[in-house]
Amino acid sequence: MESIECTRGCQSSSEIIEGLVKDDFTPSKLGTKEYWDDAYQRELQAFKDIGDVGEIWFGEESMDRVLRWMEKEEIPEDAAILDIGTGNGVLLVELAKSGYTNLTGIDYSAASVKLARSILQTEDFSNVEVKEVDFLSCSGELSGFDVCIDKGTFDAISLNPENTEEGKACYIQSLREALKEEGLFVITSCNWTKEQLLQMFSQGFDFVKELPTPRFQFGGKTGNSVTAIIFKRLH
């Protein structure tokens with residue numbers, strides 16, 4: 001695979017993108033900032049008008065799955081946790097309700113940040129930090145996290161009509177920078193299989209486990225509707 005020049009300021013080298021798999025996804029507006037700005041502006045207005053928090057990406061079960069794993073693994077309540085692409089911030093609310101006290105959410109949509117802050121304030125969790133940050137900026141602004149959680153953000157990056165490979169490479173570098181050594185990364189995806197995620201995150205991360213997700217049968221074959229994987233950051 002050719003080396004990609006990273007115009008967002010992250011390292012450009014074959015080392016960063018080695019192992020990334022080619023995909024045949026059709027570019028989609030779901031991969032654009034404009035789409036999410038519009039979507040969260042509508043959700044922000046709906047929350048102001050009728051108190052509707054908006055869509056829960058992958059449903060409540062996707063949040064419960066992560067929370068059950070964290071409880072089983074006895075993740076400390078003061079662990080530094082980053083929600084990548086926080087959206088409406090509902091995952092942060094559930095983490096706070098579960099007793100976690102060192103929470104940060106980021107999103108590149110200003111409307112998303114306003115919505116998440118509004119919902120957290122309504123739930124009396126205004127101490128949770130939510131910041132407007134483009135995770136692909138590779139700026140080194142985020143660091144020192146024990147756990148990073150992604151529920152659909154990497155999927156959206158994969159659908160971006162422009163610079164998809166660059167975006168995935170920047171994402172992986174930013175994730176390395178954000179996590180402490182041996183920090184844990186929890187990713188839920190509906191676009192990528194376990195095998196593809198293992199290949200893409202093979203540089204600098206170790207597979208820990210796969211979380212059970214709903215299975216379906218079609219045409220005599222069995223598969224998963226979503227994939228949830230735990231990785232550990234290596235040295």
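**Notes on the predicted fold**

1. Let's start with one residue: Asp124 is exposed, with a relative accessible area of 66%. Asp124 sits in the loop between H5 and S3, and its phi is positive, near 65 degrees, in a residue other than glycine. Bear in mind as you read on that this is a predicted model.

2. Glu74 deserves a look as well. Its phi is positive too, at about 55 degrees, although Glu74 is not a glycine. The loop that holds Glu74 runs between H3 and S1. Is Glu74 buried or exposed? Its relative accessibility is 67%, so Glu74 counts as exposed, given that the cut-off for exposed is over 50%.

3. Now the overall picture. The protein has 235 residues, and 49% of them are buried. Its secondary structure comes to eight helices and nine strands. Among contacts between residues at least 6 apart in sequence, 73% join residues at least 24 apart. The accessible surface is about 11600 Å², with 45% of that belonging to carbon and sulfur atoms.

4. Seven of the strands form an open sheet, in the order S3-S2-S1-S4-S5-S9-S6, and the pairing is mixed. Which strands stand at the edges? They are S3 (129-132) and S6 (205-211); each has a single partner strand, so one side of each is left without a neighbour in the sheet. On average, neighbouring strands of this sheet are turned by 20 degrees against each other, ignoring direction.

5. One pairing in that sheet is worth tracing by eye. S5 (residues 179-189) and S9 (residues 227-233) run antiparallel and are joined by six bridges. If you want a spot to start from, find Leu184, whose bridge partner in S9 is Lys232.

6. Next, the helices that lie across the sheet strands. H4 (residues 90-97) lies across S1 (81-84), S2 (103-107), S3 and S4 (145-151), and runs at about 175 degrees to S2. H5 (residues 110-122) lies across S2 and S3, running at about 170 degrees to S3.

7. H5 has a bit more to say for itself. Its 13 residues reach 18 Å from the first C-alpha to the last, close to the 18 Å expected at 1.5 Å a residue. Which residues of H5 are buried? They are Ala111, Ser112, Val113, Leu115, Ala116, Ile119 and Leu120. The cover over these buried residues includes H2, H4, S2 and S3. Right after H5 comes Asp124, the positive-phi residue from the opening point.

8. On to the inside. The largest nonpolar core has 38 residues, and Trp69, Met70, Ile75, Ile81, Leu95, Leu103 and Ile149 touch the most other members. H2 (33-50), H3 (60-72), H4, H5, S4, S5 and S9 are the elements giving two or more residues to this core. Another core, of 27 residues, lies apart from it, and among its members are Phe135, Leu136, Ala178 and Phe185.

9. If you click on one core residue, try Ile81. What does Ile81 touch, leaving out residues up to four places away in sequence? The list is Met70, Leu95, Tyr100, Asn102, Leu103, Thr104, Phe145, Val147 and Ile149. Met70, Leu95, Leu103 and Ile149 also appear, along with Ile81, among the core residues that touch the most other members.

Definitions and conventions:
Residues numbered from 1 in each chain as written. Predicted model: local features only at pLDDT ≥ 70, side-chain atom pairs only at ≥ 80, totals over all residues. Heavy atoms only, no water. Pairing = 2+ DSSP bridges. Helix = DSSP H or I, 4+ residues; strand = E, 2+ residues; numbered from the N terminus. Axes fitted to C-alpha atoms, helices over the stretch in contact; angles between N-to-C directions. Contact = heavy atoms within 4.5 Å. Core = buried A, V, L, I, M, F, W, Y, C linked by side-chain atoms within 4.5 Å. Buried < 20%, exposed > 50% of the residue type's maximum accessible area, 1.4 Å probe, protein only. Expected span 1.5 Å × (residues − 1). Areas by Shrake-Rupley, 256 points an atom, 1.4 Å probe, with all protein chains shown as cover.
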